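Reader: Got a minute to walk through this one with me? I'd like to go over the sheets and then whatever else turns up.

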Amino acid sequence: MTFEDLKLHRNITEVLKEENYVAPTPIQQQAIPIILEEHDLVGCAQTGTGKTAAFAIPILNYLHPIVGSKNKRKVIRTLVLAPTRELAHQILDSFDTYGRYMNTKAMVIYGGVNQVPQVNKIKEGVDILIATPGRLLDLHKQGFIDLNHLHHLVIDEADQMLDMGFINDVKKIIKLTPDNRQTLLFSATMPAAIRELADQFLKKPKFVSVTPVSSTAEKVNQKVYMVQKEDKRKLLIHLLQEEKISNVLVFVRTKHSADNVVKALKKNEITAEAIHGDKSQTARLRVLDEFKNKKISVLVATDIAARGIDIDLLPYVINFDIPNVPETYVHRIGRTGRAGNEGLAISFCGKDEVTYWKDIEKLTRQQIKVVKDNPFPFREYTEEEKTAKQNDRRNPKKQNTGQKPAGTSNAKKASNSKKSDASKKNKKRWY
Ligand code: AMP
């Protein structure tokens, strides 16, 4: 299938040519015709599959004749709900890109920043509103948002909305929209709560699904270092310096850990910045921009902050910590090797993370190559480390300001217990 087969408006196909999109991705092949025919849709697809274009392109195609000239009065005709500010910005970029030869106007709103500039922009008129749920409800309550003319409602990364506790807000928002809307729901996984949401609010939806989470992992080159936990920073610096690896996204479990890793890298004259929940939105966008423009070579991120980050041609992902929810691993490594590009995912597995690692190999149905040429393998603790550990045990408060202590019993518990619960707890406490 080609984009010509989809009979899209010329102003859109022109952009796709300029963007060097040769053919629609599998999710686009399946979803675009369904959306053009105005059916509701449930799409099981994660970032990296081209899902944003899968809904943005047919929505723009629908809006083009309606929006008309620049001077026509604008009303919100499309609402896209996204769990994070970063994802909201990525979606805005997509609408701006694909709609660059059209008169559609898109904007984002999210919390944590002054509402006044957002309200002023809404008052100027907008066709496509991309929003995180909390701010949308807030501004709607204040009377700044009129959803009565809405045609398309998109709920993106629904499973993340659920994980982040936004699902009730999403339900409230759906109830504010007209009954005759077209609803598109995308989610990387389909937990029962998301299926129920679809049953309750979508009308005879068509279902499409691409690259189940476990098969994405097959496309990315992966290797693992079995490394002493205390030596992980040294190993990271070694790889960055000796192997001349740059343009790397490093995943860590906690924000403290992110800051500590960045400090260590900077000490070794490696340009690095952290991106996590404690950073202001302006700081996050600046860092992301610098990383994209290769002004900094390492971006250290927590999972939540990294959600929705879309960086083309990202060659390396390093898992500094092994996630205790195996699906998170697949999401992380999905950041590399996108749209057919080569990618390498390197993981640092400590002794206390081996249980998590086994869960990952089980989910991905792969035995990932263990690097033999490893300068920092498992070893006995030095006397100094033993004393430090004893002090930590005596003074657990101090320990809490650092990385999450992932003891073996902890690891076992997490791997045996319900994974979504583990994930939720983990997120609440540590991100
Ligand atoms: P997404 O899954 O929406 O995050 O998209 C992942 C990346 O794939 C983005 O950088 C898009 O620009 C890119 N992309 C989307 N559709 C296509 C396509 N048909 N051909 C090539 N690249 C694409």
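**Sheets, a cavity and a motif**

Author: Sure, and keep in mind that this is a predicted model. Strand β10 pairs in parallel with β11 (residues 298–301), and 4 bridges join the two.

Reader: Which residue of β11 does A272 stand opposite?

Author: A272 faces V298 there.

Reader: And what's the strand order in the sheet they belong to?

Author: The order is β10-β11-β9-β12-β13-β8-β14, an open sheet of 7 strands with parallel pairing. β10 (272–275) and β14 (369–370) are at the edges with a single partner strand each, so each has one side without a neighbour in the sheet.

Reader: Which helix lies across β10 and β11?

Author: That's α12, residues 255–267, and it runs at about 175° to β10.

Reader: OK, now the sheet with β1 to β7 in it. What order there?

Author: β3-β4-β2-β5-β6-β1-β7, again an open sheet of 7 strands, with parallel pairing. Its edge strands are β3 (106–109) and β7 (206–209), and each of them pairs on one side only. On average, neighbouring strands in this sheet are turned by 15° against each other, ignoring direction.

Reader: How many bridges between β2 and β4?

Author: Strand β2 (residues 78–81) and strand β4 (residues 128–131) pair over 4 bridges, in the parallel sense. One bridge partnership puts T78 with I128 in β4.

Reader: Which strands does helix α2 touch on that sheet?

Author: Helix α2 (residues 26–36) touches β1 (41–44), β5 (152–155), β6 (182–187) and β7 as it packs on the sheet. The direction of α2 makes about 165° with that of β7.

Reader: Switching topic: how many cavities of 30 Å³ or more?

Author: The count comes to 2. The second largest cavity holds about 30 Å³ of space.

Reader: What lines the second largest cavity?

Author: The lining is made up of I66, V67, K72, R73, K74, V75, R77 and D127.

Reader: And how does that lining divide into nonpolar, polar and charged?

Author: It has 3 nonpolar residues, no polar ones and 5 charged.

Reader: Last one: what does UniProt place at residues 1–29?

Author: An unreviewed UniProt entry puts the short sequence motif "Q motif" there.

Reader: How much helix and strand over residues 1–29?

Author: That stretch is 45% helix and 0% strand, and its end C-alpha atoms are 7 Å apart.

Definitions and conventions:
Residues are numbered from 1 along each chain as its sequence is written. This is a predicted model: local features need pLDDT of at least 70, side-chain atom pairs count only at pLDDT 80 or more; totals for chains, interfaces and linings use all residues. Side-chain values use heavy atoms; hydrogens and water are left out. Two strands pair if DSSP finds at least two bridges between them. Contact means heavy atoms within 4.5 Å. Axes are lines fitted to C-alpha atoms, for helices over the stretch in contact, and angles run from 0 to 180 degrees between N-to-C directions. On a 1 Å grid over the protein atoms alone, a cavity is a set of points where a 1.4 Å probe fits but cannot get out, and a pocket is an open set with protein on both sides within 12 Å along at least five of seven lines; lining residues have an atom within 4 Å of a point. Grid points are joined across faces, edges and corners, and a volume is the space filled by probe spheres set on the points. Ala, Val, Leu, Ile, Met, Phe, Trp, Tyr, Cys and Pro count as nonpolar, Asp, Glu, Lys and Arg as charged, and the others, Gly among them, as polar. UniProt positions are given in the numbering used here, feature names are shortened, and annotations may be inferred rather than shown by experiment.
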